[in-house]
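Reader: I'd love a close look at one part of this protein, the salt bridges and what surrounds them. Could you walk me through that part and then place it in the rest of the fold?

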Amino acid sequence: MVMRRLRARRGASTFGCLLMLALLGAAAYYGYHIGAIYLRYYELLDDMRQQARLGAQVSDDTIEVHLAAQADSLLHQVPDFRIHRGGRPGRITIQTEYSEQVDLPFFKHTFTLRPRAEEPL
């Protein structure tokens, strides 16, 4: 008698499984699009840090041209890079600000990102 009840209920409801798969799919879809914004941010930040490490050997104009080309390939826009040298001990600071917009179903947001790299000279 107990075995008959177990067999009758097996597979009777898949709504919970379908709901979980839909939530997992939505999280992956949103995570992919939003994660791409942060991936580009970290790629640009890494390049800014590399240019800051080379700051003692390279001029500001060369750094700015390189970063503008990198930003154009990553972001399809060229933000204004501010390069500052000074302080005691000597430091180089590279910073910028740009925004990216994501337009997804039920979610529209503009992310304002401010990467900053600082290294000793």
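Author: Happy to! This is a predicted model, and a good place to start is a network of salt bridges that links Arg-91, Arg-116 and Glu-118. In one of its pairs, Glu-118 meets Arg-91, with the closest N and O atoms 2.8 Å apart. That pair links distant parts of the chain, since Glu-118 is in strand 5 (residues 116–120) and Arg-91 is in strand 2, 27 residues apart. The side chains of Arg-116 and Glu-118 also meet in a salt bridge, at 3.1 Å from N to O. As a general point, side chains of opposite charge can pair when their charged atoms come close.

How buried or exposed are these three residues? Glu-118 is partly exposed, with a relative accessible area of 34%. Arg-91 counts as partly exposed at 29%, and Arg-116 is partly exposed at 44%.

Thr-93 brings us to a buried spot beside this network. Thr-93 sits in strand 2 (residues 91–95). Its relative accessible area is 10%, so Thr-93 falls under the 20% limit and is buried. Leaving aside residues up to four places away in sequence, Thr-93 touches Arg-116, Ala-117 and Glu-118, and also Arg-82, Ile-83 and His-84. Two members of the salt-bridge network, Arg-116 and Glu-118, are therefore among the contacts of this buried threonine.

The whole structure holds five salt bridges. Another one joins the side chains of Arg-85 and Asp-60, at 2.6 Å from N to O. Arg-85 lies in strand 1 and Asp-60 in helix 3, so this pair ties together parts that are 25 residues apart in sequence. Arg-85 is partly exposed at 30% relative accessibility, and Asp-60 is partly exposed too, at 27%.

Now for the rest of the fold. The protein has three helices and five strands, and along the sequence they follow the pattern α-α-α-β-β-β-β-β. Of the contacts with a separation of 6 or more, 50% are between residues 24 or more positions apart. Buried residues make up 24% of the 121 residues. The accessible surface comes to about 8800 Å², and 56% of that belongs to carbon and sulfur atoms.

Inside, the largest nonpolar core has 21 residues, and those with the most contacts within it are Leu-44, Met-48, Phe-81 and Ile-94. Helix 2, helix 3, strand 2, strand 3 and strand 4 each give two or more residues to this core, with the largest share, six residues, coming from helix 2. Strand 2 thus has a part in this core as well as holding Arg-91 of the network. Leu-44 shows what such a core residue meets: beyond residues up to four places away in sequence, Leu-44 touches Gln-70, Ala-71, Leu-74, Leu-75, Phe-81, Tyr-98 and Pro-115.

Helix 2 has an outward-facing side as well. Leu-39 is found in helix 2 and counts as exposed at 52% relative accessibility. The C-alpha atoms of Leu-39 and Leu-74 are separated by 9.8 Å, although these residues are 35 apart along the chain. Phe-15 is also in helix 2 (residues 15–53) and is exposed, with a relative accessible area of 59%. Together with Leu-19 and Leu-23, Phe-15 forms a nonpolar surface patch with about 330 Å² of accessible area.

Aromatic rings add four pairs to the structure. In one of them, Tyr-29 and Tyr-30 are edge-to-face, 5.9 Å centre to centre with 75° between the planes. These two tyrosines form one aromatic cluster with Phe-107. Tyr-29 is partly exposed at 41%, and Tyr-30 is partly exposed at 22%.

Finally, some backbone details that you may want to check. Most residues other than glycine have a negative phi, and most peptide bonds are trans. Arg-88 and Pro-89, however, are joined by a cis peptide bond, with omega about -5°, and Pro-89 lies in the loop between strand 1 (82–86) and strand 2. His-76 has a positive phi of about 60° without being a glycine; this residue sits in the loop between helix 3 (60–75) and strand 1 and is exposed at 68%. Phe-106 has a positive phi of about 65°, again without being a glycine. Its place is the loop between strand 3 (98–104) and strand 4 (107–113), where Phe-106 is exposed at 88% relative accessibility.

Conventions. Residues numbered from 1 in each chain as written. Predicted model: local features only at pLDDT ≥ 70, side-chain atom pairs only at ≥ 80, totals over all residues. Heavy atoms only, no water. Patch = residues over 30% accessible without salt bridge, like charges linked within 9 Å, V, L, I, M, F, W, Y side chains within 5 Å. Areas by Shrake-Rupley, 256 points an atom, 1.4 Å probe, with all protein chains shown as cover. Salt bridge = Lys/Arg side-chain N within 4 Å of Asp/Glu carboxyl O. Helix = DSSP H or I, 4+ residues; strand = E, 2+ residues; numbered from the N terminus. Buried < 20%, exposed > 50% of the residue type's maximum accessible area, 1.4 Å probe, protein only. Contact = heavy atoms within 4.5 Å. Phe/Tyr/Trp six-rings, centres within 6.5 Å; stacked < 30°, edge-to-face > 60°. Core = buried A, V, L, I, M, F, W, Y, C linked by side-chain atoms within 4.5 Å.
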